[in-house]
Amino acid sequence: MAIQYETQGRTALIRIDNPPVNGLGHSTRDGIVTGLRRALEDSGIDAIVLTGGNGFFSAGADITEFGTPKSTAAPTLNEVIAALDAVGKPVVAAIEGTCLGGGLELALGAHYRVATTASKLGLPEVNLGLVPGAGGTQRLPRALGFATAVDMITTGAPRTAGALAALDGQRLLDRVVDADAVAAAVAFAGEIAAVRPLPRVRDLTATGDPAAAAPQRAGLVKRSRGFLAPVAAFDLVATAVTTPFDEGLATERATFTELVAGDQSAALRHAFFAERAARKIPGIGAEVRPRPVAKVGVLGAGTMGGGIAMNFLNVGIPVTILETAQEALDRGLGVIRRNYQIQVDKGKLAADELDRRMALLTPTLDYADLSDSDLVIEAVFEDMAVKRTVFTTLDEVMKPGAILASNTSSLDLNAIAAVTGRPEDVVGLHFFSPANVMKLLEIVRGDRTADDVLLTAMSLGQRIGKVGVIAGVCDGFIGNRMLNNYRTAAFALLRQGATPAEIDSAIEGFGFAMGPFRVADLAGNDISWAIRKRRYAEHPDVPREEIADSLCELGRFGQKTGAGWYDYNGRDPQPSPVVADLLASYHEKYGTKPQTFEPDEIVARLVLALTDEGARILEEGFAQRASDIDVVYLSGYGFPRHRGGPMWYADRVGLPTVVAALRRYHDGEPGWEPAPLLARLAAEGGSFE
């Protein structure tokens with residue numbers, strides 16, 4: 001049963017009982033209407049309380065029903081809320097825990113709302129490329145005013161009931177209590193049972209001036225970077241102020257219907273489910289349990305090590321951080337404290353919380369102080385000899401059962417594990433910089449990594465707010481291996497006549513936050529140069545990236561040196577005459593004639609290079625599923641979320657089209673063919689999904 005019905009005196013209690021999040025699927029919607037009808041027909045019932053359970057009023061629509069007959073089967077959520085509008089007895093929504101999306105729209109359809117202070121209320125549909133579709137854009141501004149509703153709906157960020165209750169003029173919440181919203185709602189229902197007429201949010205007048213918010217809308221257009229839903233949501237909230245309710249409701253429904261059928265929402269829903277799927281590790285049974293992690297060690301207090309440490313401090317896990325010199329250790333601790341102080345200054349962190357987190361951090365210069373950690377993560381220089389020396393020492397000092405993790409971004413984890421007597425305890429935890437901000441965590445599975453170690457890494461990643469993806473051991477794992485192909489495509493465009501600014505502009509127009517050359521300057525061109533030199537040594541026949549190497553030989557390492565692919569005044573990139581001369585010299589040396597490229601072709605060359613390498617990684621077994629590859633690029637490499645990721649995007653383009661384009665761009669290049677899996681799927685009419 002998705003709905004539980006009971007009576008408390010002269011009040012009917014309708015409880016949504018659809019675990020895990022009380023989603024408003026068809027059976028739930030039908031159950032609510034049936035419960036309302038039952039309460040209306042009972043002369044012994046004066047009022048109705050509608051609530052949820054297990055920490056959820058309702059987290060909204062069941063998106064697994066999107067595109068299926070159940071999504072439009074009667075009663076729809078709009079019809080459920082219309083039934084609430086028409087009911088002749090007062091309905092009180094008792095909100096305890098999470099009340100999001102359709103759940104909040106349902107609560108807005110009640111006559112009254114009682115909530116616990118800590119309950120979270122929000123309309124996050126924009127995160128799925130949608131707008132609220134059951135009156136949220138029309139009722140919320142009537143309950144909270146234009147400005148608050150615009151902020152909540154266009155960002156999708158929830159707010160606590162306590163914070164909303166403190167707003168001047170709010171008409172959303174009638175009573176806020178510290179605990180037991182149901183008991184408070186039943187008591188409140190008794191107080192208002194005879195009150196008539198019954199208040200409806202739809203009958204309120206929305207306050208605010210959308211015309212005065214024109215600059216806010218313009219800023220939203222810029223920040224949205226091609227996302228349709230936030231701007232559409234803004235316009236719908238404005239409609240609530242300027243048009244009658246039913247007209248606004250019809251406009252909202254038409255907008256929702258258009259968006260739900262579009263590619264952007266499909267891409268964002270794919271991303272949502274892909275992140276869920278990435279948590280599942282095939283072949284590991286339910287009997288395998290993660291190891292407990294109560295204390296963490298981090299080797300290296302630099303930018304990466306400090307950022308890694310902050311992730312654990314943020315969730316209350318003590319960290320011992322090791323450096324080889326006191327000066328480096330003091331510098332690292334100072335950076336961590338400054339990062340927290342910035343949050344305090346912005347009002348995002350309480351000052352006493354800063355002190356609490358710093359108190360969890362123990363600095364040391366002695367490996368022995370790491371010995372009682374349950375997990376130790378090295379974040380030292382990306383050099384195999386250095387890594388192997390570190391792991392030899394860790395093997396000697398760490399307690400039995402401790403997990404030994406490497407933050408390597410490309411090195412052979414099996415070779416690192418081989419210097420220990422416990423390779424089953426070794427795993428890769430590849431954080432992305434800045435590690436305290438970036439969501440992606442590549443969890444690298446060595447040949448002998450134990451199942452419980454892998455499971456521990458995945459569950460711990462979730463605990464610290466990361467999106468974990470399992471990768472196999474190959475050069476660069478998933479993300480950086482594909483990035484190498486992406487950069488190779490960008491360098492090929494340079495050799496053929498495109499400029500860094502043209503390439504960056506095209507891919508940024510597609511939705512990337514930064515193009516490959518701006519990213520390289522930000523990360524430091526010397527980093528990728530070191531990787532190239534290692535690969536040149538390991539594979540003497542590999543082609544040299546002559547232009548990029550020449551840039552580094554000039555000492556142009558990017559923003560940190562004030563010059564890279566661009567010249568810099570602060571962080572503002574400007575086209576560089578030095579780079580223009582470098583490109584001209586290359587063309588003169590090889591007698592090549594610079595070509596011109598349309599932005600669409602630049603985008604296709606770069607994005608399809610990712611798809612092609614992703615297909616190789618998938619076929620070789622270094623990724624578990626195509627959607628995992630999408631998650632890596634959406635969470636760690638700036639691939640525009642509303643494009644779904646390189647594998648999903650290729651499916652949308654059509655794999656035969658992708659293969660034809662790749663062959664055209666490579667134009668008979670010796671020894672080159674599209675990835676076998678990609679070519680096979682294209683020939684068979686298959687897809688990566």
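A cavity here is a set of grid points where a 1.4 Å probe fits but cannot get out, and its lining residues have an atom within 4 Å of a point. With that in hand, let's take a tour of the spaces inside this predicted model.

**Closed spaces**

The count comes to three cavities of 30 Å³ or more. The second largest cavity holds about 40 Å³ of space. Its walls are formed by Val293, Leu375, Ile403, Val427, Leu429, Val453, Thr456, Ala457 and Leu460. Which helix supplies the largest share of this lining? The answer is α18, with four residues. Strand β16 (426-431) and helix α18 (451-463) each supply at least two residues of the lining. By class, this lining divides into eight nonpolar residues, one polar residue and no charged ones.

Now for the largest cavity, with a volume of about 100 Å³. Its lining is made of Arg487, Ala490, Phe491, Pro516, Phe517, Ala520, Asn525, Ser528, Arg532, Ala548 and Trp565. The elements that give two or more residues to this lining are α19 (479-496), α21 (516-523) and α22 (525-538). Here the classes are seven nonpolar, two polar and two charged residues.

**An open space**

You can also look at a pocket, which is an open set of points rather than a closed one. The second largest pocket has a volume of about 180 Å³. It is lined by 13 residues, and Ala266, Arg269, His270, Trp648 and Glu689 lie nearest its centre. Helices α12 (263-278), α26 (626-636) and α27 (646-653) are the elements that give two or more residues to the pocket lining.

Here are the three spaces side by side.

| Space | Volume | Lining by class |
|---|---|---|
| Largest cavity | about 100 Å³ | seven nonpolar, two polar, two charged |
| Second largest cavity | about 40 Å³ | eight nonpolar, one polar, no charged |
| Second largest pocket | about 180 Å³ | six nonpolar, two polar, five charged |

**Two helices that meet**

Finally, have a look at how one pair of helices packs. Helix α20 (residues 500-510) and helix α25 (residues 599-619) pack at an angle of about 80°, with their axes 9 Å apart. Because angles of 65 to 115 degrees count as roughly perpendicular, α20 is roughly perpendicular to α25. On the α20 side, the residues in contact are Glu502, Ile503, Ala506, Ile507 and Phe510, and they meet Pro599, Ile602, Val603, Leu606 and Val607 in α25. The residues of this contact divide into nine nonpolar, no polar and one charged.

Technical notes:
Residues numbered from 1 in each chain as written. Predicted model: local features only at pLDDT ≥ 70, side-chain atom pairs only at ≥ 80, totals over all residues. Heavy atoms only, no water. Axes fitted to C-alpha atoms, helices over the stretch in contact; angles between N-to-C directions. Parallel < 35°, antiparallel > 145°, perpendicular 65-115°, else oblique. Contact = heavy atoms within 4.5 Å. Nonpolar A, V, L, I, M, F, W, Y, C, P; charged D, E, K, R; others polar. 1 Å grid on protein atoms, 1.4 Å probe; cavity = no way out; pocket = protein on both sides within 12 Å on 5 of 7 lines; lining within 4 Å. Points joined across faces, edges and corners; volume = space filled by probe spheres on them.
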